[in-house]
Amino acid sequence: MPGSVPANAEAGWPKDVGIICLEVYVPSQYVDQAELEQFDGVAAGKYTIGLGQAKMGFCSDQEDINSLCLTAVQHLMERNCLSYDSVGRLEVGTETIIDKSKSVKTVLMQLFEESGNTDVEGIDTTNACYGGTAALFNAVNWVESSSWDGRYALVVAGDIAVYATGSARPTGGAGAVAMLVGPNAPLVLERGLRGTHMQHAYDFYKPDMVSEYPVVDGKLSIECYLSALDRCYKVFRDKIHARWQKEGSDKRFSLDDFGFMVFHSPYCKLVQKSLARLLLNDFLGHPRPDTDSGVFSGLEAFRDVKPQDTYFDRDVEKAFMKASAQMFEEKTKASLLISNQNGNMYTPSVYGCLASVLAQYSPQQLAGQRIGVFSYGSGFAATLYSIRVTEDDTPGSPLAKLTASLCDLQARLDSRRKVAPEVFAENMKLRQETHHLANYKPQSSVDELFPGTWYLTSVDEKHRRQYARRPLNEDGPLEAGLVHSTTAAEHIPSPAKKVPRIPAASSGPDMVPIANGEH
C-alpha cells in the first residue's frame, strides 16, 4: 500500500501526492499523413507542415472506448506488479460515449473481479478533452482528503478521435493513458498552484447522439484555446506570486521557471504557437522588458498590443514564435512525440505529451524540474497547473522506475503497422456504419492488434458488449476475462497482496468472453 491513514486524520495531508506510474496505449495501426495529403488531393505539406503531424493512429471496429481503457489499465497493473485490491478509487476521463447511462468505469471493474475488490470509488468524467485532467484532480483530491483509506487511486483517460471526411479528419487519433496516483510520488502535483478558466462556447461539441463525429467551429476553437491559455496562465502566475510574496520573495514568474511545458495537443503546430503565446504574456506582463537583448530583443513594436486582439495576428504570432524558438526546442518539442506520431487522443493527449517527455529524458535530467501542464477541453474548460519532479534520481527510485517503464515508447510507436489511406478510409466508413449497431460482430482481424490488447468480440441484441484479450505471447490462446489455471505464473506480489494471475496457455484457441453487464 502507498501508506496508511494517520491515527489523527487531521494531522496533515499525505506527502508528495501525484503520479507514481504511467502507461500509454496507442492502436497498432496508423496512416501516414504525407500519403493522406495525396489521397485527399490537398497541397503537399498541408497536414505534415501546416498541422505538424506525421502519422495518425486509428482503431478498427475491433476496438472501442471500453477496450482501450481495459488495455491501458491492465498493462499498467501488470507492468508494475500491482494488486487490484490496492486500488480504492478508479476514475475515467473520456468523451467517447457509447452508452448514455453505463460508465466505462463499471466495465473496467471486471478486471477487479478475481481480487474480490468492489470497494472502489470514482466514476466517469466528461467534458471534451478536459475529462482526463478532471479525473486526475478528483483522484489527487481524494488522496488528500479525509475520505482517503490509504489505497492508490487509478486514473485512465481514453478516447477515439474521428472526424467526417474533410479538413478536420487529419487531426484525429486514438489511445489511452492510465496513471497510478498516491503519496510519495515521483511526479508531484503542486498543491494550490492551478489556474483554471471555464466558459460557455460552442467551439467543438457532439450533439448527434448516433454519430461519433463532432461539430467543429475551427476558428472559434483556436480562439477559445488561446484565450483560455492566457487566462489560466495569469491565474497561475498570480497564485505563485502570492506564495512567493508570503515567503519574502519579490521574484516574477516566467516561462524560465518551467523546466518543461506540455500542452493539450489537437495538432503539433498549435502547441508551438501556444508556447509563443505564453512568451507574449510574459512580455506584456513585464514592467520593464529588455528589448535590446535577450529573449525579448526586437519586440518593442508589440509592447502595447492587447492579447484579445492577437489571436489571429500573424505578425505577433511570427515574432513570438521566432523569439520562443529556443525555448520550444528545450521545453516543449520532446513532448510532441506521441502527438506527432499518433495524433490527437483527446483526453489522454496532454498526458501522452507528459509521457513523451519522461520517455526521452533521464532521471538525472528530470529530477527537481517543474513541469507546466496546460489542459484544455472544448465547451470550454481549461487548467494550467504544475508538476514538481522528485529530487531522487538514484537507480531503483520511483522516478527511475517511471522513466524506465516508458523508455521503449519510440519502439512501440515504430512497431505499428502502416496502412494505405484507402484502407484507413474504409475503416472510417465501417466505423461510421456500425459503431452504434446491435447484433453486431466486428469484421476486422484480431491478428492486427498488439499482444495483450483487449478487443470487442460482439454486441448482442440488447447492445450488451463482450470483450476478449489477445494473448501476451503469440503462441498462446486468445485471452479473456480473469480465469486462470493453477499452472499460471504469478506476478511479483505488490506491497498489499498478490495480483490476479494471467490465464495460462492452453491447447485450444477458444475464447472465454466477458460481458459488460446489463443496465
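Here are a few notes on this predicted model, taken point by point.

1. Confidence first. The protein chain comes out at an average pLDDT of 89, and 89% of the residues score at least 70. Residues 1-7 are a weak spot, with pLDDT below 50; beyond near neighbours in sequence, that stretch has 19 contacts in the model. Residues 475-519 also stay under 50, and there the model has 105 contacts beyond four places in sequence. I'd read those contacts with the scores in mind.

2. Now the sheet. It is an open one with 3 strands, ordered β3-β2-β14, and the pairing is mixed. At the edges sit β3 (55-57) and β14 (417-419), each pairing on one side only. From one strand to the next the twist averages 40°.

3. A bit more on the β2 side of things. Strand β2 (residues 29-32) runs antiparallel to β3, and 3 bridges join the two. In that pairing, Asp32 is found opposite Lys55 of β3. Helix α1 (residues 33-40) then lies across β2, β3 and β14, and its direction makes about 60° with β2.

4. On to the aromatics. The structure has 20 aromatic pairs. Tyr225 and Phe374 make an edge-to-face pair, because their ring planes are at 85°, over the 60 degrees needed for that label; the ring centres are 5.3 Å apart. This pair ties together distant parts of the chain: Tyr225 belongs to helix α5 (residues 218-246) and Phe374 to strand β12 (residues 370-377), 149 residues apart.

5. Are these two rings buried or exposed? Tyr225 has 2% relative accessibility, so it counts as buried, the cut-off being under 20%. Phe374 is at 0% and therefore counts as buried too.

6. A second pair worth a look is Tyr376 with Phe380. Their rings are 5.8 Å apart centre to centre with 35° between the planes, which makes the pair tilted. Tyr376 is buried, with a relative accessible area of 3%, and Phe380 is buried with a value of 3%.

7. Which residues do the ring pairs link into a cluster? They are Tyr225, Phe263, Phe374, Tyr376 and Phe380. So points 4 to 6 describe members of one cluster, with Phe263 in it as well.

8. Finally, charges over rings. Arg194 lies over the face of Phe137, 3.8 Å from the ring centre. Lys219 has its charged end over the ring of Phe312, at 5.1 Å from the centre of that ring.

Conventions: Residues are numbered from 1 along each chain as its sequence is written. This is a predicted model: local features need pLDDT of at least 70, side-chain atom pairs count only at pLDDT 80 or more; totals for chains, interfaces and linings use all residues. Side-chain values use heavy atoms; hydrogens and water are left out. Two strands pair if DSSP finds at least two bridges between them. Helices (H or I, at least four residues) and strands (E, at least two) are DSSP runs, numbered from the N terminus. Axes are lines fitted to C-alpha atoms, for helices over the stretch in contact, and angles run from 0 to 180 degrees between N-to-C directions. Contact means heavy atoms within 4.5 Å. pLDDT is the predictor's confidence in each residue, from 0 to 100. Rings of Phe, Tyr and Trp (its six-membered ring) pair if their centres lie within 6.5 Å; planes under 30 degrees apart count as stacked, over 60 as edge-to-face and the rest as tilted. Buried means under 20% relative accessible area, exposed over 50%, partly exposed in between (1.4 Å probe, protein chains only). A charge sits over a ring if NZ of Lys or CZ of Arg is within 6 Å of the ring centre and within 35 degrees of the ring normal.
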